[in-house]
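Let's take a walk through a protein model together, from the overall picture down to a few odd spots in the backbone. Have a look at the structure, then read on.

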Amino acid sequence: MSPDSLLAVVDRFSAAFDTQDVDRIMATMTPDCVFESTAPPDGQRHVGQRAVRAALSEFFQQTAGAQFHTEDRFGSQDRVVVLWRYDWGGADPGHVRGVDVFRVRDDLVWQKASYVKG
C-alpha cells in the first residue's frame, strides 16, 4: 500500500478512537485483530474482535474525558507509526507521551501495539 493509503486507514481508526466509539473502531479492524496495551511491564495482548472490543471498552470507561493528540505519524510498507500525547483531567491532571505501531492489512487495522514513555 502507498503511505497515503496506510495513513488513511489509521486516520479512520483514530477518528473513531477520538470519539470513543467502540463500534466504529472495531469496523476499522480485521476479524483477527491484535491490540497490545501499554500496561507494565510488557503490555497486555488482546487477540480477536471480542477481546479487543472488551479491552477498549474497559479503557474508555476508566478514562472518560481523556484525549489523545497526534504529534507526528508516517507510513511505510504495511506499518504506520504514530507519536502521540495523552492528556487527562480530573483531580490529578497530567499527560504521557507514547508511540503506536499499526500494521494494516486489506485496508483495515490488523495490529496496534502501544508503547508509553514513563
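Accessible areas here come from the Shrake-Rupley method with a 1.4 Å probe. Keep in mind that this is a predicted model. With that in hand, let's start from the outside: the chain exposes about 6,900 Å², and carbon and sulfur atoms supply 51% of that area. What about the inside? Of the 118 residues, 36% count as buried, where buried means under 20% relative accessible area.

Now for the building blocks. You can find 3 helices and 6 strands in the chain. Trace the sequence from its start and you'll meet them in the order α-α-β-β-α-β-β-β-β. The radius of gyration is 14 Å, close to the 13 Å that the globule rule gives for 118 residues, so the chain is as compact as a globular protein of that length. If you drew a box around the C-alpha atoms along the principal axes, it would be roughly 45 × 30 × 30 Å.

How do parts of the sequence meet? Take the contacts between residues at least 6 apart in sequence: 40% of them join residues at least 24 apart. Charges are worth a glance too. The chain has 13 positive and 17 negative charges, and the mean positions of these two groups are 2 Å apart.

Next, zoom in on strand 1, which covers residues 29-36. Which strands does strand 1 pair with, and in what sense? One partner is strand 6 (residues 108-116), and this pairing is parallel, over 4 bridges. Here you can spot Val34 standing opposite Gln111 of strand 6. Another partner is strand 2 (residues 45-47), which runs antiparallel to strand 1 and is joined to it by 3 bridges. In that pairing, Phe35 has His46 of strand 2 as its bridge partner.

Between strand 1 and strand 2 there's a loop, and Pro41 lies in it. Check the peptide bond leading from Pro40 to Pro41: it is cis, with omega near -5 degrees.

Finally, hop over to the loop between strand 5 (94-105) and strand 6, where Asp106 is found. Asp106 is not a glycine, yet it has a positive phi of about 55 degrees. Is Asp106 buried or exposed? It is exposed, because its relative accessible area is 64% and the cut-off for exposed is over 50%. Asp107 lies in that loop between strand 5 and strand 6 as well, and it has a positive phi of about 65 degrees, again without being a glycine. With a relative accessible area of 44%, Asp107 is partly exposed.

How values were computed. Residues numbered from 1 in each chain as written. Predicted model: local features only at pLDDT ≥ 70, side-chain atom pairs only at ≥ 80, totals over all residues. Heavy atoms only, no water. Pairing = 2+ DSSP bridges. Helix = DSSP H or I, 4+ residues; strand = E, 2+ residues; numbered from the N terminus. Rg over C-alpha atoms; globule rule 2.2 N^0.38 Å. Buried < 20%, exposed > 50% of the residue type's maximum accessible area, 1.4 Å probe, protein only. Contact = heavy atoms within 4.5 Å. Lys, Arg positive; Asp, Glu negative; His and termini not counted. Charge placed at Lys NZ, Arg CZ, Asp CG, Glu CD.
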